[in-house]
Each structure stands twice: as C-alpha cells, then as structure tokens.
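Here's a quick briefing to read alongside the model. Have the sequence and the 3D view open as you go through the points.

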Amino acid sequence: MTKRQFLGPIVAVALLASVTACAGAGAGAGHPAPAATAIASASASASPRPQPVTAVMMDLIGGNAGRAAEQMGPDTEVAFKDVSGKGRSVDEPAGWKICETRPGPNQQITGYPVVLGVVRVGESCE
C-alpha cells in the first residue's frame, strides 16, 4: 500500500471561497463579512495535521486513481491498495483504476487515510 499525503482540506478552501464570494453583497466596500473573518481566523490557527471536516466521499469507482487523488484535494491523505489479490505496490497511481473506496461513495469521510482499492488499467475489478 502506498500513501500519498496532500496539504489542506479542500472542503475548507471551497467553503472559504464561497463565503468570501458571497460576502461582497452584505459587507461594505473593502470590509470582509464577519463570517469570512471567522473562517479565515479559524483556518489560520489550524493544526499542522488537519482533522477530517464534514465531507462526503465522491463516487470514484471506475475512475483513474491518479486523477481521483488530485480531485480529492491537497488536504486529503490517500492510500492506494491493490485489490487484485496480487499484493502489488501502487507506485504510479495514473496507471491504476478504482474498484472500491473506503469510505464508500456518498459516505461521510470521518478519518484518514481515504483508501482507494485499485487494479491496473485494463484489468477487471472482479
């Protein structure tokens, strides 16, 4: 099993971006909305190893493991596991496709690493 660790929670970044984008309507020119300030302050004091935030696992089944890890964002620690039964090391995720995920599709991510069960591109998940 090979682990890939990324840097910051994608959900927090997306939330911050959406709050900042919406803040212009209610805030005076050049003044951030109180919610945006609170989120920015919370992000600044975050621990070096972020705790899972409320996020839902995407349905990645059948997708490319390399692209999926990129989509999950820089804060998500991802582990790749060969589920073919051959016990191979997943050194280059772009050459692998996803057969299963832990947590499963549409389930809440409550811990790290997120595990992607993979087989080589061209192989069957069965």
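A salt bridge here means a side-chain nitrogen of Lys or Arg within 4 Å of a carboxyl oxygen of Asp or Glu. Arg 88 and Glu 123 fit that, with their side chains meeting at 2.8 Å, N to O. Keep in mind that this is a predicted model.

**Salt bridges**

- The Arg 88–Glu 123 pair ties together distant parts of the chain: Arg 88 sits in the loop between β2 and β3, Glu 123 in the segment after β4, and 35 residues separate them.
- Glu 123 also pairs up with Lys 86, at 3.9 Å from N to O. That contact links distant parts of the chain too, with Lys 86 in the loop between β2 (78-82) and β3 (96-102), 37 residues away from Glu 123.
- Arg 88 has another partner in Asp 82, where the closest N and O atoms are 2.9 Å apart.
- That makes 3 salt bridges in total, and shared partners join Asp 82, Lys 86, Arg 88 and Glu 123 into one network.
- How accessible are the members of this network? Asp 82 has a relative accessible area of 8%, so it's buried. Glu 123 comes in at 21%, so it counts as partly exposed, while Lys 86 is exposed at 57%.

**Nonpolar core**

- The largest nonpolar core has 16 residues, and Met 57, Leu 60, Phe 80, Ile 98, Leu 116 and Val 118 are the ones touching the most other members.
- Four elements, α3 (65-72), β2, β3 and β4, each chip in at least two residues, and α3 gives the most, with 4.
- Setting aside residues up to four places away in sequence, Val 118 touches a list of residues including Ala 65, Phe 80, Val 90, Trp 96 and Ile 98. Asp 82, from the salt-bridge network, and Cys 99 are also among the residues Val 118 touches.

**Disulfide**

- There's 1 disulfide in the structure, formed by Cys 99 and Cys 125 with their sulfur atoms 2.0 Å apart.
- The pair bridges distant parts of the chain, from Cys 99 in strand β3 to Cys 125 in the segment after β4, 26 residues apart.
- Which hand does this disulfide have? The torsion about the S-S bond of Cys 99 and Cys 125 is about -80 degrees, so the disulfide is left-handed.
- Cys 99 is buried, at 15% relative accessible area, whereas Cys 125 is partly exposed at 35%.

Terms used. Residues numbered from 1 in each chain as written. Predicted model: local features only at pLDDT ≥ 70, side-chain atom pairs only at ≥ 80, totals over all residues. Heavy atoms only, no water. Buried < 20%, exposed > 50% of the residue type's maximum accessible area, 1.4 Å probe, protein only. Core = buried A, V, L, I, M, F, W, Y, C linked by side-chain atoms within 4.5 Å. Contact = heavy atoms within 4.5 Å. Disulfide = S-S within 2.5 Å.
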